[in-house]
Amino acid sequence: MASIELRNIRKSFGAVNVIKGVDLEVRKGEFMVFVGPSGCGKSTLLRLISGLEDITSGEMLFDGKVVNALTPSKRGIAMVFQSYALYPHMTVYENMAFGLKLEKAHSKEAVRERVEKAADMLQIRQYLDRLPKQLSGGQRQRVAIGRAITRDPKVFLFDEPLSNLDAALRVATRIEIAKLHEGMHDVTMIYVTHDQVEAMTLADRICVLRDGLVEQVGTPMELYEKPDSIFVAGFIGSPKMNFLTGEKAAAFKCTTLGVRGEHMLVKPDGIWEGEVIHTENLGADTYVYLEMGQEEPIVVRLEGAMQHPSGSKLRVSPMEDRLHRFDEAGKPIR
Ligand SMILES: Nc1ncnc2c1ncn2[C@@H]1O[C@H](COP(=O)(O)OP(=O)(O)OP(=O)(O)O)[C@@H](O)[C@H]1O
Ligand SMILES: [Mg+2]
């Protein structure tokens, strides 16, 4: 197990500054999730932590010791990428044992024991004698994770490991990763994802990155309930938070009023009226999009399968205790 501390970490590629001074502490045993728009530097930051990429300036500490000059293998890290490459001519067992055999420090029995333990954890024991091409995408992804586990890392880095999987497999593998974290006591994990559900469900804390800097770090519920900026408010949560401006915001004494779709109540005496322009029925809930003279349609999230024909009018009110008021600079008014 290891704590990781980033002190004013910067990274440039030539003249391009990609990471612009990141300070961050990841606690021992913590599950930290990185989110942020495409190109904001999530993968680069992960590669800097792993040692695959050199730091331009700043200090990286593991358990309080500077590791800037240490190679990836010396840092005790295992990394799982979005596009994982298994060796096609090796069986699942050989793929999982490969890194351990390279280390030359383990007996044949010890290697077998570790591979089998990881295979059990990931429920791929019955596939150990197969070749990668004889597995489904999700099974292969689990082998890639298994290969990382066998090396008994102190730190696990995941870069969008589930993005190649279909919806059902994503959910199943997400649950396996959560169980893995529970089962591997005190292993520190950093996980990059675009998926809101993965971020909210897996993270002890989420780090929102924006243009090479940390925008906010907090527990999923802190970010959801108390975003420090319009940017975080709009980034965390699905469907995206509604932002209302003009008179509607001014009535609440702010420049921008943020209301999540689930915090809009449809009622006959609602304070705002909108015209239904589109309805998305997701089964368990329904998203109704309303034209309300705002920059974007306002989404209202209703429980159950609701029918609201396009063109019809709907009156809504925001839940008063769930409002997010922002000033001109996009900062919250509390
Ligand atoms: N080796 C490199 N040389 C030059 N620029 C690079 C290099 N690697 C990354 N970049 C640039 O750094 C920025 C951050 O890239 P990075 O891959 O870290 O983004 P990301 O947040 O992981 O994005 P995504 O969500 O799309 O994966 C991008 O603008 C990218 O073009
Ligand atoms: Mg990336």
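This note covers the cysteines, the two largest pockets and one sheet of a predicted model.

1. **No disulfides.** The whole structure was searched, and zero disulfides turned up. Cys40 is in none; its nearest cysteine sulfur belongs to Cys207, 9.0 Å away. Seen from Cys207, the closest cysteine sulfur is that of Cys40, and 9.0 Å is too far for a bond. The cut-off for a disulfide is a sulfur pair within 2.5 Å.

2. **Where the two cysteines sit.** Are Cys40 and Cys207 buried or exposed? Cys40 has 4% relative accessibility, so Cys40 counts as buried. Cys207 has 0%, so Cys207 counts as buried too. The limit that decides this is under 20% relative accessible area.

3. **Largest pocket: volume and centre.** The volume of the largest pocket is about 530 Å³. Its lining holds 20 residues. Nearest the centre lie Ala78, Met79, Phe81, Arg147 and Arg151.

4. **Largest pocket: what builds the lining.** Which element gives the most to this lining? Strand 6 does, with four residues. Strand 6 spans 77-80. Helix 2 (92-103) and helix 4 (137-150) each supply at least two residues as well. By class, the lining of the largest pocket has 14 nonpolar, four polar and two charged residues.

5. **Second largest pocket: volume and centre.** This pocket holds about 300 Å³ of space. It is lined by 15 residues. Those nearest the centre are Lys240, Met241, Asn242, Phe243 and Glu296.

6. **Second largest pocket: what builds the lining.** Two strands, strand 11 (242-244) and strand 16 (298-303), each give at least two residues to the lining. The lining of the second largest pocket divides into eight nonpolar, four polar and three charged residues.

7. **A five-strand sheet.** Strand 16 also belongs to an open sheet of five strands. The order is 13-17-14-15-16, and the pairing is antiparallel. Which strands are at the edges? Strand 13 (264-266) and strand 16 are, each pairing on one side only. From one strand to the next, the twist averages 50°.

8. **The pairing of strand 13.** Strand 13 pairs with strand 17, residues 313-318. The pair is antiparallel and runs over three bridges. Within it, Val266 stands opposite Val316 of strand 17.

9. **To check in the viewer.** Start with the sulfurs of Cys40 and Cys207, 9.0 Å apart. Then find strand 6 in the lining of the largest pocket. Finish at strand 16, which lines the second largest pocket and is an edge strand of the sheet.

Notes: Residues are numbered from 1 along each chain as its sequence is written. Chains are lettered from A and ligands numbered from 1 in the order in which they are written. This is a predicted model: local features need pLDDT of at least 70, side-chain atom pairs count only at pLDDT 80 or more; totals for chains, interfaces and linings use all residues. Side-chain values use heavy atoms; hydrogens and water are left out. Buried means under 20% relative accessible area, exposed over 50%, partly exposed in between (1.4 Å probe, protein chains only). On a 1 Å grid over the protein atoms alone, a cavity is a set of points where a 1.4 Å probe fits but cannot get out, and a pocket is an open set with protein on both sides within 12 Å along at least five of seven lines; lining residues have an atom within 4 Å of a point. Grid points are joined across faces, edges and corners, and a volume is the space filled by probe spheres set on the points. Ala, Val, Leu, Ile, Met, Phe, Trp, Tyr, Cys and Pro count as nonpolar, Asp, Glu, Lys and Arg as charged, and the others, Gly among them, as polar. Two strands pair if DSSP finds at least two bridges between them. Axes are lines fitted to C-alpha atoms, for helices over the stretch in contact, and angles run from 0 to 180 degrees between N-to-C directions.
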